[in-house]
Amino acid sequence: MNRPHTTQQPEPDSTTTQQDREEESVYRALEGYYRAGKAPWDTGVTPPELVDLIEGPGTLPPGRALELGCGTGTNATYLARHGWEVTAVDLIDSAVGQAREKAEAAGVAVRLLHGDATRLDELDVPGPFDLFFDLSCYCGIPLHRRDAYAAGLTHRAAPGARLLMFGYGPEPLGNPVPEVTSWAAGVTADELRTRFPGWELLDVTPGTNSVPTFWFTLHRNARL
Ligand SMILES: C[S@@+](CC[C@H](N)C(=O)[O-])C[C@H]1O[C@@H](n2cnc3c(N)ncnc32)[C@H](O)[C@@H]1O
């Protein structure tokens, strides 16, 4: 095959291209779930693990909360109803729109932002936050974006901040969207320990699902 007579052509960056493709696949899959109607995870019910943190015996005093991957806003609205100043982010515009309607219907103020939880610097989300909540967002984020997610939260964490995260373990669903390879990775305690330096993994509680799921509680070291 004849090629242009130059040695100056840059080699295509196959790694970047593959990573871009993966992010695009995740976006398309998520957007498709919302476009199809009610997304399978959208129960409209606040999980007891969050209720316990906010209303239970060791309850946190209301402060500033950031929800990552808020979907249609059930939990952002719940937190706002309990006195928290809430910012919530989701990658899919239509989910954010529904979240806005839900907060309005409940008569609470929630700052709802359409954007990427791994690129918080591109959003107006200065923090600091006392609580981060993630219900099944991180475990679906491509592996190459997860350090950026962790750095974004760390940068915005108040001393002693809490991160409550629910996630699927590795490959429990047999990966419903095979081209999204990161969905098979899920999330593990070891991964969080590695990716969140300066945080302590306080608790790992198995979820009640029929496949391996976990509730992780992390605490930002107050001295850092
Ligand atoms: C499994 S759903 C859970 C939604 C919501 N937390 C709930 O429980 O109803 C994951 C959510 O995270 C969002 N998401 C995934 N990747 C994201 C990212 N990089 N930034 C922001 N949101 C993201 C998706 O659009 C989706 O709404």
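Helices (H or I, at least four residues) and strands (E, at least two) are DSSP runs, numbered from the N terminus. In this model, Ser 136 lies in the loop between strand S4 and helix H5 (146-155). The model is predicted: local features need pLDDT of at least 70, side-chain atom pairs count only at pLDDT 80 or more, and totals for chains, interfaces and linings use all residues. Residue numbers start from 1 along each chain as its sequence is written.

**Figure 1. The whole chain, with its order of helices and strands.** Six helices and seven strands make up the secondary structure of the chain. Read from the N terminus, the order is α-α-β-α-β-α-β-β-α-β-α-β-β. The chain is as compact as a globular protein of 224 residues, because its radius of gyration of 19 Å is close to the 17 Å that the globule rule gives for that length. The radius is taken over C-alpha atoms, and the rule is 2.2 Å times the number of residues to the power 0.38. Along the principal axes, the C-alpha atoms fill a box of roughly 70 × 45 × 40 Å. Of the 224 residues, 37% are buried (20 or more other C-beta atoms within 10 Å of the residue's own; exposed means 12 or fewer, partly exposed in between, with C-beta atoms placed from the backbone). Among contacts between residues at least 6 apart in sequence, 65% join residues at least 24 apart (a contact has C-beta atoms, placed from the backbone, within 7 Å).

**Figure 2. Confidence along the chain and the N-terminal residues 1-10.** The average pLDDT of the chain is 90, and 91% of the residues score at least 70 (pLDDT is the predictor's confidence in each residue, from 0 to 100). Over residues 1-10 pLDDT stays under 50, and the model has zero contacts for them beyond four places in sequence.

**Figure 3. The shell of residues around the ligand.** The ligand is surrounded by 19 residues, of which the closest are Gly 69, Gly 71, Leu 91, Ala 117 and Cys 137 (a residue is near if its C-beta atom, placed from the backbone, lies within 6 Å). The shell divides into 11 nonpolar, five polar and three charged residues. Here Ala, Val, Leu, Ile, Met, Phe, Trp, Tyr, Cys and Pro count as nonpolar, Asp, Glu, Lys and Arg as charged, and the others, Gly among them, as polar.

**Figure 4. The span listed by UniProt, residues 66-149.** An unreviewed UniProt entry lists these residues as "domain: Methyltransferase". UniProt positions are given in the numbering used here, feature names are shortened, and annotations may be inferred rather than shown by experiment. The span is 31% helix and 25% strand, and its end C-alpha atoms lie 13 Å apart.

**Figure 5. Helix H3 and its packing partners.** Seven of the eight residues of H3 are buried: Thr 74, Asn 75, Ala 76, Thr 77, Tyr 78, Leu 79 and Ala 80. These buried residues pack against helices H2 (48-55) and H4 (93-106), and against strands S1 (64-68), S2 (85-90), S3 (110-114) and S4 (129-135). Thr 74 belongs to H3, which covers residues 74-81, and counts as buried because 21 other C-beta atoms lie within 10 Å. Leaving aside neighbours within four places in sequence, Thr 74 contacts Gly 44, Thr 46 and Lys 102. Gly 83, just after H3, has a positive phi of about 90°.

**Figure 6. Ala 106 in helix H4.** Ala 106 is partly exposed, because it has 16 C-beta neighbours inside 10 Å. Beyond four places in sequence, Ala 106 is in contact with Thr 77 and Arg 81. Ala 106 and Arg 81 are 25 residues apart in sequence, and their C-alpha atoms are 8.0 Å apart.

**Figure 7. Backbone geometry at Pro 128 and Ser 136.** Most residues other than glycine have a negative phi, and most peptide bonds are trans. The bond from Gly 127 to Pro 128 is cis, with omega near 0°, and Pro 128 sits in the loop between S3 and S4. Ser 136 is not a glycine, yet has a positive phi of about 75°. Ser 136 is partly exposed, with 16 other C-beta atoms within 10 Å.

**Figure 8. Gly 207 in the loop between strands S6 (199-206) and S7 (213-220).** Gly 207 has 17 other C-beta atoms within 10 Å, so it is partly exposed. Not counting residues up to four places away in sequence, Gly 207 touches Phe 166, Thr 213, Phe 214 and Trp 215. Glu 49 is 158 residues from Gly 207 along the chain, with 9.6 Å between their C-alpha atoms.

Notes:
Contact = placed C-beta atoms within 7 Å.
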